[in-house]
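Colleague: Got a minute to walk me through this one? I'd like to start with the ligand.

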Amino acid sequence: MPVSDFELVQSWRQVLELCNLHSGQSVTILTSIGTNAQTLRCALLAVQEKGAIANRLDLQPTNGGTSLSRDPLAYVGTTPLTGNRAAVEMLKASDLVLDLMTLLFSAEQHEILDAGGRILLVVEPPDVLVRMTPTAEDRTRVLKNSARLKAAKVMKVTSAAGTDATFALGEYPILEEYGFVDKPGRWDHWPSGFLATWANEGSAEGKIVLAPGDILLPQKSYITAPITCHLEKGYVRAIEGGFEADHLRDYMESFHDPEVFAVSHIGWGLQNRAHWSVMGFYDREASIGMDPRACAGNFLWSTGPNNEAGGDRDTACHIDIPMRDCTVMLDDEAVVQNGKLVGESK
Ligand SMILES: O=c1ccc(O)c[nH]1
């Protein structure tokens with residue numbers, strides 16, 4: 001249900017504080033046609049209240065005539081910054097970029113970050129933003145678990161439904177999402193609260209069995225019948241099941257790019273204020289589904305690009321698949337047991 005401008009300004013105030021935004025610094029707020037007006041209005045107020053310079057850069061939408069889904073995370077890689085030198089230069093010159101349109105997985109994003117920029121993605125509805133306003137405690141929990149993931153050589157995921165998959169680790173960096181950008185070079189997403197990394201190239205092996213209730217994004221669907229994904233040498237080699245498996249496969253095949261079947265990031269949710277049930281209460285296009293991505297105890301895996309992690313796979317098709325009731329082992333230590341955070345992970 002709606003939140004007031006006062007509540008959302010309060011949340012922005014907390015986020016900008018956690019981002020170490022200082023008076024006199026320059027902030028560029030990236031907007032486009034889909035930007036939420038209340039989120040923008042409250043961001044402008046909170047930035048100026050901090051004594052920072054609030055610029056707005058409104059970009060034209062792209063991919064609308066190509067993407068089969070209208071979800072901003074469904075079609076990644078080319079963005080309104082692609083080939084847009086003037087815009088990239090303005091963002092590189094900014095101390096903080098608030099992305100209210102979605103740049104995820106773009107080469108230009110890396111250029112901005114590599115130049116010491118900071119980018120915070122903020123596109124969920126205002127009520128979701130307020131409910132999951134990030135805290136320093138979120139950062140503590142994500143970083144504590146990140147240290148464990150950094151030290152691990154193998155991730156093994158199993159479930160009663162039949163999942164039994166292994167991923168070698170170490171080649172790629174860790175994606176630590178705790179909802180704010182407290183130091184130069186960082187990208188993050190408010191709301192979030194989860195960890196991810198990429199399996200070593202070609203190492204994803206085994207079987208992932210999606211059970212009823214597991215979620216497909218950007219489809220925004222809770223599946224109702226099992227879907228079995230066979231992994232071999234880092235790719236999903238077969239997707240078996242009923243209608244929902246056909247629908248997923250049909251969508252992925254529409255890109256005519258074999259790279260869409262590559263396994264992308266793998267990790268687990270750490271956000272106790274995110275809930276598996278939330279997606280069922282929102283219209284499909286009202287949210288990008290950060291509750292399922294971040295809810296504590298999920299196993300989140302994905303298919304498609306790895307350019308986010310410095311790889312060269314930049315396929316446009318990105319599917320995120322949050323699963324319940326999995327057990328996630330790092331070497332021989334469980335961080336998630338049957339869908340619940342265990343031990344130090346909490
Ligand atoms: O915050 C996000 C959202 C989507 C994704 O694939 C990764 N991180």
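Modeller: Sure, one term up front: a polar contact is a pair of N or O atoms within 3.5 Å; within protein, one must be able to donate a hydrogen and the other to accept it, and residues adjacent in sequence count only if both atoms are side-chain atoms. Also, this is a predicted model, where local features need pLDDT of at least 70 and side-chain atom pairs count only at pLDDT 80 or more, while totals for chains, interfaces and linings use all residues. Numbering runs from 1 along each chain as its sequence is written, and side-chain values use heavy atoms, with hydrogens and water left out.

Colleague: OK, how far is the polar side-chain atom of H189 from an oxygen atom of the ligand?

Modeller: That distance is 2.7 Å. H265 has a side-chain N or O atom 2.8 Å from a ligand oxygen, and for D320 the value is 2.8 Å too.

Colleague: And which residues surround the ligand?

Modeller: L73, L104, E177, W187, H189, F194, H265, M290, R293, H318 and D320. Being near here takes a heavy atom within 4 Å of the molecule.

Colleague: Any cis peptide bonds?

Modeller: W190 to P191 is cis, with omega near 10°. P191 sits in the loop between β8 (187-189) and β9 (194-198); strands are DSSP runs of E, at least two residues, and helices are runs of H or I, at least four, numbered from the N terminus. L217 to P218 is cis as well, with omega near 15°, and P218 is in the loop between β11 (215-216) and β12 (221-222).

Colleague: Switching to helices: at what angle do α1 and α2 pack?

Modeller: Helix α1 (residues 5-18) and helix α2 (residues 37-49) pack at about 55°, axes 9 Å apart. Axes are lines fitted to C-alpha atoms, for helices over the stretch in contact, and angles run from 0 to 180 degrees between N-to-C directions. That makes α1 oblique to α2, given that under 35 degrees is roughly parallel, over 145 roughly antiparallel, 65 to 115 roughly perpendicular and the rest oblique.

Colleague: Who makes the contact on the α1 side?

Modeller: D5, L8, V9, W12, R13 and L16, with contact meaning heavy atoms within 4.5 Å. Among the α2 partners are Q38, R41 and L45.

Colleague: Last thing, where does H256 lie?

Modeller: In the loop between α7 (243-253) and β15 (263-269). H256 has a positive phi of about 50°, although it is not a glycine.
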